[in-house]
Amino acid sequence: VVTEERLPYAPYPSPSGTAVAPTPSASPHTSGPWFLARTNLGVLIDLLREDGRTVIGPTVADGAIVYDEITSVDQLPAGIGDEQAPGRYGLIDHHDRRVFDYTVGPISPKRWTFPATVPLNVGRRDGRAVSFEPAEIDPPRLALLGVRACELAAMGIQDRVFLGGPYTDEDYRARRRNALVVAVNCTTASSTCFCTSMGTGPEVRGGYDLALTELDEGFVIRAGTPEGADLIARLPVRSADAGQMFRAAEAVGKTAATIGDPVPTAGLHDRLLAQFDSPEWANIAERCLSCANCTMVCPTCFCSSVVQRSDLDGDVSTSERVWDFCFTAGFARVAGGNFRSRPRDRYRQWLTHKFATWVDQFGTFGCVGCGRCITWCPVGIDIRAELLTIAPPLAARPEPVRPRPVAATPGYYATARIVAVRPETNDVTTLTIGDVDPAFLAGEFGQFAMVAVPAFPPLPISISRFGRDTIDLTIRAAGPATAAIIGLGPRDEIGLRGPLGTSWPIERAMGHDVVIVTGGIGLAPLRPLIDGLLAQRDRFDDIRIYYGARTPSDQLYREELRGWAARGDIDVQLTVDRAGPEWTGPVGVVTHLFDRAEWNGSRSLAFVCGPERMMEATVEALEVRDLAPDRIFVTLERHMECGIGLCGHCQTGRLFVCRDGPVFSLAQVGDIFGREGI
Amino acid sequence: MTSVAARPRLRVGVAKFASCDGCQLTLLDLEDELLALAERFEVVEFPEASTLRSAGPYDVLLVEGAISTPDQAAEIVELRHQAKMLVTIGACASYGGIQALRNWSSHDAFRDAVYAHPEYIESLDTATPVSDHVKVDAELHGCPISPEQLREVLVSVAVGRRPQIREEAVCLECKRKGAVCVMVAQGIPCLGPVTQSGCGALCPSFGRGCYGCFGPREQANTSSLARSFVYRGRDGTEVSRLFAGFTGWSLPFREVIRAYGGPPGMTGDVSGPAAAKDHRNGSEPEGMEGVGDARG
């Protein structure tokens, strides 16, 4: 319930990425928290209805969890969850009784505070006189049940737009005033969520009448307003105990940790407005349908048009306000032309409004990080990936948080146990390592480990797979130390430090084509990346893998290569330097594989790993295809001893390969890449 | 009652070529206002409703059907001379309709297979939209057309303003209704994002993908939508079948059909024999400038 004196009343995302909660933090009615048993949730719905409110709550319809009118607790989505990805939404069965164990569906509370169609007036002409009769504003008394933190923040943003002055929307004001809000803290997250980056969730921080956190046995419940406190007084609640409060806070904290910080917002306003002429807008327009689904599911988009219907004489006409959006043809049209005729113009208008010009107009971002525009885009355009591509985070930003390595200091080792040994070729073997420190399992694609057995110098070895509780190390016998490690068998122990170094930036490739070019054992550090790409196949456009080996028997992971090729949704091309009688494929250097291929590099990110000469030739071939140096990633190999930039061996130019690499963008190493003697 | 009603009634004609008559019947579907319409419009030619025949000239001529025979090709030119305003009604007249599928294939082979005495059949190699033959002032899309849009065109002529027909995707009608996207939630391929609205999102509201009856909307990015069908596991044959429907001969749909190997089951040169004749510039046909947002 919204009152005049505290508008805007919900927390909203500030341009610095932290939430601003204008409501007073402490007031008498916020005492508690209380505990409401699961069996008594229905009492809350009954009370709201007794108070003359129509209850709008989550329910399953047409394969999704949507907001709609509910009259009974049985209509809530008990045991139903959702799975979301760019362009994809599906329901899953949790086999439990939880009713809020999903994130956000296609419909937001906006549908009730800013409906898709609202009558405006009836105009009449009588002879020479005209009159306009405004439509009566008499919205229903509502209770919005299940509202999430991001949705509350969106209401706060629309409050500022419609009620922040100097002119206000009276229809919106009346609907907001009539809507009681029962909010729910998120105890689960979707892959599309980024409320943490926008500073809006997953925890509600004001703007609600009641707030619930769901536990197995019931709900921790708080009041945020006198109306909420009045409801609690009528509910069969008891004080929440310390264990319940702890578990509630822990569940919400875990949700935040799951989401992380996918969209660094520092400086985003200026970064984006500097990119009006970016060629990326045209790239997006190749995929964008300008169908406006993103804007319609957005809980903050507020644009509209007026449509009229007149009688046959033009004497009586009714006007309605309908949702309209910057993606439709008529939106920016005037007599004689259209200011934004091209889809690229419309997408730019939308994105720059959400993350830049909205700030200038209303003092907040126009995005709350609910992820609806990602899920409900028919072609899966991911706004997070587009932001990272168009307005990359500032170079001066703090380094992304890498998993903290175990036994970082030279001298220390964590022991682990070999569980399987698999020969790959004559001289290459893959060890599967179990009992590893969890730090390794949280490693990133492309990172390496320092591997040691007593009496031999430690070796940097790329992690060639991240299993559920194991990692793979693929090692070529190149000297006594590698031979000693390869010679070990199952149940033998080894010492590990790591994971260390930089990784392939898979997140930057989302929504783009991916080109992987590799030779020989260079496939090993790329295999986790390929695993990661295939695990989320629909987040990437075309994926192409080009792999060269000396002879067919020198190919690593031969069965997996066949499996990848057989999937049909990626392009796998193999070549060898010297063919045997059984080889019917191409012979020659790996770059020949894509000499004649028809793909455009400007939409691609390339990941390259192999012998240095092969990488040089590859980089040249990629640059011919318009791949900018900041979109080509290579590895450098140098002598490494410590793995953490303290021993000095691997210095090349201004870089320590172990600490600043081994994965580099070509833009980082262009001046030394391929140069002898550095 | 008003000055408008005092004007002489406008002469309206309805002409029909290769079509099913469903669109002209839409005129009769305006039952609530038929009498009021009759006060302002004199329907002088309407073969589906009346045996009364009258030659032009017409203030408004509604044209249904594709041009499919040499006689029709001659008749539409003659009718154009008699019509102040020529409005095509429906997918056949605006895009060639389902019968334009034959444009991808051998006309003679079809004719010989279907008719016992093909020598009596005199038809063109292609079924083409009216705008391939004469200037069109406005197009009403759909299979069939929307009664509301037909009413809006007639009212706008009577009142003397531009018709207010929104140029937007079917998705807008779908989401305004609160329907859940069938493509995202159920993986059902849907032409809604590239199709002009007007049907009230009829098929998606019942859990079906859009068939594209209203034809390509302005700036229809059909190639991106087609790629997304492939990502969702559809093969090229299915993709071209989806686009090769009632408005498959529209240029943006035709490009996808061609790229994915032609309509399933159609033989012959998939580049399309009538392609060379096409003089339409993508999704904005000539004569469309009068149809659109009233603020234009």
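The side chains of A:Asp660 and A:Arg659 form a salt bridge, with 3.1 Å from N to O. The two partners sit in unlike surroundings: A:Asp660 is buried, at 19% relative accessible area, whereas A:Arg659 is partly exposed, at 40%. The cut-off for buried is under 20%, so A:Asp660 falls into that class with its 19%. Please keep in mind that this is a predicted model.

**Salt bridges**

Over all chains, a search of the whole structure turns up 50 salt bridges. Here are three of them, side by side.

| Acidic partner | Basic partner | N to O distance |
|---|---|---|
| A:Asp660 | A:Arg659 | 3.1 Å |
| A:Asp315 | A:Arg125 | 3.3 Å |
| A:Asp531 | A:Arg465 | 2.8 Å |

Let us take the pair A:Asp315 and A:Arg125, whose side chains meet at 3.3 Å. These residues are 190 apart and link distant parts of the chain: A:Asp315 lies in the loop between strand E15 (304–310) and strand E16 (316–323) of chain A, while A:Arg125 belongs to strand E8 (residues 117–126) of chain A. Is A:Asp315 buried or exposed? With 10% relative accessibility, A:Asp315 counts as buried. A:Arg125, at 39%, counts as partly exposed.

The salt bridge between A:Asp531 and A:Arg465 spans 2.8 Å from N to O. This pair also links distant parts of the chain, joining helix H16 (residues 523–535) of chain A, home of A:Asp531, to strand E22 (residues 459–466) of chain A, home of A:Arg465, across 66 residues. A:Asp531 is partly exposed at 24% relative accessibility, and A:Arg465 is partly exposed at 22%.

There is also a wider pattern to look at. Through shared partners, salt bridges connect A:Arg422, A:Glu424, A:Arg465, A:Asp472, A:Arg527, A:Asp531 and A:Glu560 into one network.

**An open sheet and its helix**

Now to the backbone. In chain A, 8 strands make up an open sheet of mixed pairing, ordered E5-E4-E10-E11-E12-E13-E3-E14. Which strands stand at the edges? They are strand E5 (64–70) and strand E14 (237–239) of chain A; each has a single partner strand, so one side of each lacks a neighbour in the sheet. From one strand to the next, the twist averages 30°.

At the E14 end, strand E3 (residues 34–37) of chain A runs antiparallel to E14(A), and 3 bridges join the two. Within this pairing, A:Leu36 stands opposite A:Val237 in E14(A).

Helix H3 (residues 149–163) of chain A packs on the sheet, where the helix touches E5, strand E10 (142–147) and strand E11 (179–184) of chain A. The direction of helix H3 makes about 130° with that of E10(A).

Note on methods
Residues are numbered from 1 along each chain as its sequence is written. Chains are lettered from A and ligands numbered from 1 in the order in which they are written. This is a predicted model: local features need pLDDT of at least 70, side-chain atom pairs count only at pLDDT 80 or more; totals for chains, interfaces and linings use all residues. Side-chain values use heavy atoms; hydrogens and water are left out. A salt bridge is a side-chain nitrogen of Lys or Arg within 4 Å of a carboxyl oxygen of Asp or Glu. Helices (H or I, at least four residues) and strands (E, at least two) are DSSP runs, numbered from the N terminus. Buried means under 20% relative accessible area, exposed over 50%, partly exposed in between (1.4 Å probe, protein chains only). Two strands pair if DSSP finds at least two bridges between them. Axes are lines fitted to C-alpha atoms, for helices over the stretch in contact, and angles run from 0 to 180 degrees between N-to-C directions. Contact means heavy atoms within 4.5 Å.
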